[in-house]
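Visitor: I would like to learn how to read the features of a structural model in a sensible order. May we go through one together?

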Amino acid sequence: MHYSFNYGNVHFISLDTETGYPGSAEENRYVLPCGGFNDQLTWLENDLIQANIDRTTRPWIFAIGHHPMYQGDSINTDFQAAMEDLFYKYGVDIYFSGHVHSYERDYPVYQGIPEYTYTNPSSTVHIMVGGAGNDEMHDAQLANHDIDPTNHESDGKWIESRANGAWTVITDKDDHVGIGKVTIIDDSNLKFEYYRSSTGLVYDSVNLVKDHSVYANKFNKK
């Protein structure tokens, strides 16, 4: 199920990445068809249009879903085809995902081409926090150590990869789990921190600077 809500100066969008677009992971997995909860892509574009009309009040837009679009050096091409253009057109600042039980922070990226900056990027930043921050998951990653690092999507379906992509900045794999924290400093600045749950210490952090006026002006023309 997909939905959105506002909190402070942030617009949050929760996406169905299991059944909500053509080629999604669970679209045809079972005997009966899955999903069908309205047309998510039409809903998403309409929601993003309204979010941009309101962007002077809530400049930040975060999208959240279970599956990553970018992970390692692989791309979920069905997910990308369905939503990446919308993320780019309407200035989604960060896409947060999970699914893979590890951490990865990517540069802003669009169509597989990274922008090597976090100051006024045009593309969406992708952050995967899949460890759930639970120390009881000790050894959870060990079963995944035999994954072929050269794995890529196959026949349009995404496959997990342990190799880094051109967009990969940093990862935390191999039995390390943790949680992410976003601090909204103001309408143009935020700080993201990733904490390892075993130590409670910051393992990774990044500041994102965005001038959102370009979107506010574009969608509020008289």
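Visitor: How many helices and strands are there in the chain?

Guide: The chain holds 3 helices and 14 strands. Please bear in mind that this is a predicted model.

Visitor: What share of the residues in the chain is buried?

Guide: A residue counts as buried when its relative accessible area is under 20%. Here, buried residues make up 46% of the 222 residues. Contacts may be read alongside burial: of those in the chain with a separation of 6 or more, 68% are between residues 24 or more positions apart.

Visitor: Let us turn to a single strand. Why is strand S2 described as largely enclosed by the rest of the structure?

Guide: One examines the burial of each residue along the strand. S2 covers residues 10–14, and 5 of the 5 are buried, so the strand is largely enclosed by the rest of the structure. The side chains may then be sorted by direction: Val10, Phe12 and Ser14 point one way, whereas His11 and Ile13 point the other way, and all are buried.

Visitor: In which sense does S2 pair with strand S1, parallel or antiparallel?

Guide: Strand S1, residues 3–7, pairs with S2 in the antiparallel sense, over 5 bridges. To fix the register, take Asn6, whose bridge partner in S2 is His11. The connection is a hairpin with 2 residues between S1 and S2. Within that turn, Gly8 has a positive phi of about 60 degrees.

Visitor: And in which sense do S2 and strand S3 pair?

Guide: S3 spans residues 60–64, and its pairing with S2 is parallel, over 5 bridges. Phe12 has Phe62 as its bridge partner in S3.

Visitor: What is the order of the strands in the open sheet of 3 strands?

Guide: For a sheet, one reads the order, then the sense of pairing, then the edges. The order here is S12-S13-S14, with antiparallel pairing. S12 (178–184) and S14 (202–209) stand at the edges and have a single partner strand each, so one side of each is left without a neighbour in the sheet. From one strand to the next, the twist averages 15 degrees.

Visitor: Over how many bridges do S12 and S13 pair?

Guide: S12 pairs with S13, residues 189–196, over 7 bridges in the antiparallel sense. Among the partners, Ile179 is matched in S13 by Tyr195.

Visitor: How many cavities of 30 Å³ or more does a search of the whole structure find?

Guide: The search finds 2 such cavities. Let us consider the second largest cavity, which has about 30 Å³ of space. Its lining consists of Glu84, Phe87, Tyr88, Val109, Tyr110, Ser123, Thr124 and His126. Helix H2 (77–89) and strand S8 (109–110) are the elements that give two or more residues to this lining. H2 gives the most, with 3 residues. By class, the lining has 4 nonpolar, 3 polar and 1 charged residues.

Visitor: What is the volume of the largest pocket, and which residues line the largest pocket?

Guide: The volume is about 190 Å³. The lining residues are Tyr88, Lys89, Asn120, Pro121, Ser122, Lys210, Asp211, Val214, Tyr215 and Lys218. Two or more of the lining residues come from each of H2 and helix H3 (213–219). H3 has the largest share, 3 residues. By class, the lining of the largest pocket has 4 nonpolar, 2 polar and 4 charged residues.

Conventions. Residues are numbered from 1 along each chain as its sequence is written. This is a predicted model: local features need pLDDT of at least 70, side-chain atom pairs count only at pLDDT 80 or more; totals for chains, interfaces and linings use all residues. Side-chain values use heavy atoms; hydrogens and water are left out. Buried means under 20% relative accessible area, exposed over 50%, partly exposed in between (1.4 Å probe, protein chains only). Helices (H or I, at least four residues) and strands (E, at least two) are DSSP runs, numbered from the N terminus. Two strands pair if DSSP finds at least two bridges between them. Axes are lines fitted to C-alpha atoms, for helices over the stretch in contact, and angles run from 0 to 180 degrees between N-to-C directions. On a 1 Å grid over the protein atoms alone, a cavity is a set of points where a 1.4 Å probe fits but cannot get out, and a pocket is an open set with protein on both sides within 12 Å along at least five of seven lines; lining residues have an atom within 4 Å of a point. Grid points are joined across faces, edges and corners, and a volume is the space filled by probe spheres set on the points. Ala, Val, Leu, Ile, Met, Phe, Trp, Tyr, Cys and Pro count as nonpolar, Asp, Glu, Lys and Arg as charged, and the others, Gly among them, as polar. Contact means heavy atoms within 4.5 Å.
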